[in-house]
Amino acid sequence: MKLSLYTLLLLFVSQTLIAQTAYEHNYDENKVPQFHLPDPLKTFEGKQIKTSQEWTNMRRPELYSFFEENVYGKVPGAIDDISFEVIEQGNNAINGKAIRKQVKVTLTKNKQSISYTILIYLPKNKTTAPIFMGPNFRGNHTVNADPNIIMTSAWVPNTKELGITDHKAQESSRGTRTNRWAIEKIIDGGFGLATIYYGEVDPDKDDFSDGLHSLFYSEGQLNPKPDEWGSISAWSFALSKALDYFETDSAIDAAKVVVFGHSRLGKTSLWAGASDQRFAGVIANDSGCGGAALSKRKYGETIAIINTAFPHWFSDNFNKYIENESALPVDQHELLALIAPRPLYIASAKEDRWADPKGEFLSTHFASPVYALFDKEGISTSKIPEVNQPIQNIVAYHIRTGKHDVTEYDWEQYIKWAKKHIE
Ligand code: GTR
């Protein structure tokens, strides 16, 4: 049978829709299932953890391994070589307040390499600055209208509003995400900002033939193994390697790098912070399912929905928990606990029900006993605060009015909190 292009297209669209709607989502608090939340202070074998040493030597390693092998996926070995090249620099950026640097990072493995560019702004009035570091969604040139930002030549998703139809970044998209990156406020607050375009590390599509993963394959291998890394793990790895660069640049205080991310990139910042303890602090903005939100609540996006829509984000092993959350011996509060005792900020937005604000909040509360072992103040209340009423302890949380986004308000809170706990 010969099918017309139109029929094929219809078939494709309907199959995609079926795949995406096969799993229902719930927004009714009364329908949240009863669930048992694992105790971060009890080992898988049932031993109670009583000291920070026991946490560090016994519980943390087994929890980290679980997340590594069953959720985000292991990085399969070390890279062979890393190099850095400052490819552009300017001393008069952000209304004359900042120095701009663009640094090309090249990672080599098995005689193949990938490169990505770190865009850095540093306050002029400091000889060494603490920084926020986070990946961006559409290319470094979108975070500010600065004409000197090098435009990415990597694959970008087609976006009508940005005039992108052939997966190539366009000049018209320069500065279009300025609203999400309060650079001047960050500089005025005494911090620097560094960002990378995540698509230069691994394009955000269900295709493992390209990006960082492909460097690690053995002969004939086409996909990571079931316990190996998905895209979130690869993006996190690239953030870690950017930190390797910061350690070589005296203008950056590498002991004070706060890793930041929004949404899927908030999931990424959490995993980066858990995996690389050199990060001094972690911020996850509206990170939702597979980020800060408790999976066992099954509110908004679920493990089934996320693994169906984005099969490349997590390890294949994570599929074992599709519609099977009760079998999960961990939950996301334990991912947050892996960041202890370092400062951690989780933020939600009132209208972002998909990300389950309550589940994101409860995670901070249930991670807090681990912070207490280190005499650090987490979040003791189990009652979610009112909107726009941040709690800013070492573990911090806010829910702001509005939708899924990063706003000026969010950055004002992050800067205030970082001044207290990082600077
Ligand atoms: C959504 C996804 C969320 C979140 C978001 C984003 O489609 O379901 O988990 O990651 O994308 O990254 O903006």
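This section describes the internal spaces of a predicted model and the packing of two of its helices, α2 and α6.

Two cavities of 30 Å³ or more are present in the structure. The largest cavity has a volume of about 80 Å³. Its lining includes P135, N136, F137 and R138, together with T142. R177, R180 and W181 also belong to the lining of the largest cavity, as do F260, H262, L265 and V406. Two strands, β4 (129–136) and β6 (252–262), each contribute at least two residues to this lining. In terms of residue class, the lining of the largest cavity comprises six nonpolar, three polar and three charged residues.

The second largest cavity encloses about 60 Å³ of space. Among the residues that line the second largest cavity are C289, A293, L294, S295, K298 and Y299. The lining of this cavity also contains E301, T302 and I303, as well as W354, A355 and D356. Seven of the lining residues of the second largest cavity are nonpolar, two are polar and three are charged.

Besides these cavities, the second largest pocket was examined. This pocket holds about 200 Å³ of space. Its lining is formed by 13 residues, and those nearest the centre of the pocket are K350, P357, K358, I384 and I399. Six residues of the lining of the second largest pocket are nonpolar and seven are charged, while no polar residue is found there.

Attention now turns to helix packing. The arrangement of two packed helices is described by the angle between their axes and by the distance between the axes. For helix α2 (residues 52–72) and helix α6 (residues 264–275), the axes come within 11 Å and cross at roughly 140 degrees. Angles over 145 degrees count as roughly antiparallel and those of 65 to 115 degrees as roughly perpendicular; α2 and α6 are therefore oblique to each other. The crossing of these two helices, α2 and α6, is left-handed. On the side of α2, the residues in contact are R60, Y64, F67, E68 and Y72, and these meet W271, A274 and S275 of α6. By class, the contact of α2 with α6 consists of five nonpolar residues, one polar residue and two charged residues.

Methods: Residues are numbered from 1 along each chain as its sequence is written. This is a predicted model: local features need pLDDT of at least 70, side-chain atom pairs count only at pLDDT 80 or more; totals for chains, interfaces and linings use all residues. Side-chain values use heavy atoms; hydrogens and water are left out. On a 1 Å grid over the protein atoms alone, a cavity is a set of points where a 1.4 Å probe fits but cannot get out, and a pocket is an open set with protein on both sides within 12 Å along at least five of seven lines; lining residues have an atom within 4 Å of a point. Grid points are joined across faces, edges and corners, and a volume is the space filled by probe spheres set on the points. Ala, Val, Leu, Ile, Met, Phe, Trp, Tyr, Cys and Pro count as nonpolar, Asp, Glu, Lys and Arg as charged, and the others, Gly among them, as polar. Helices (H or I, at least four residues) and strands (E, at least two) are DSSP runs, numbered from the N terminus. Axes are lines fitted to C-alpha atoms, for helices over the stretch in contact, and angles run from 0 to 180 degrees between N-to-C directions. Angles under 35 degrees count as roughly parallel, over 145 as roughly antiparallel, 65 to 115 as roughly perpendicular and the rest as oblique. A crossing is left-handed if the near helix is turned anticlockwise from the far one by less than a right angle, and right-handed if clockwise. Contact means heavy atoms within 4.5 Å.
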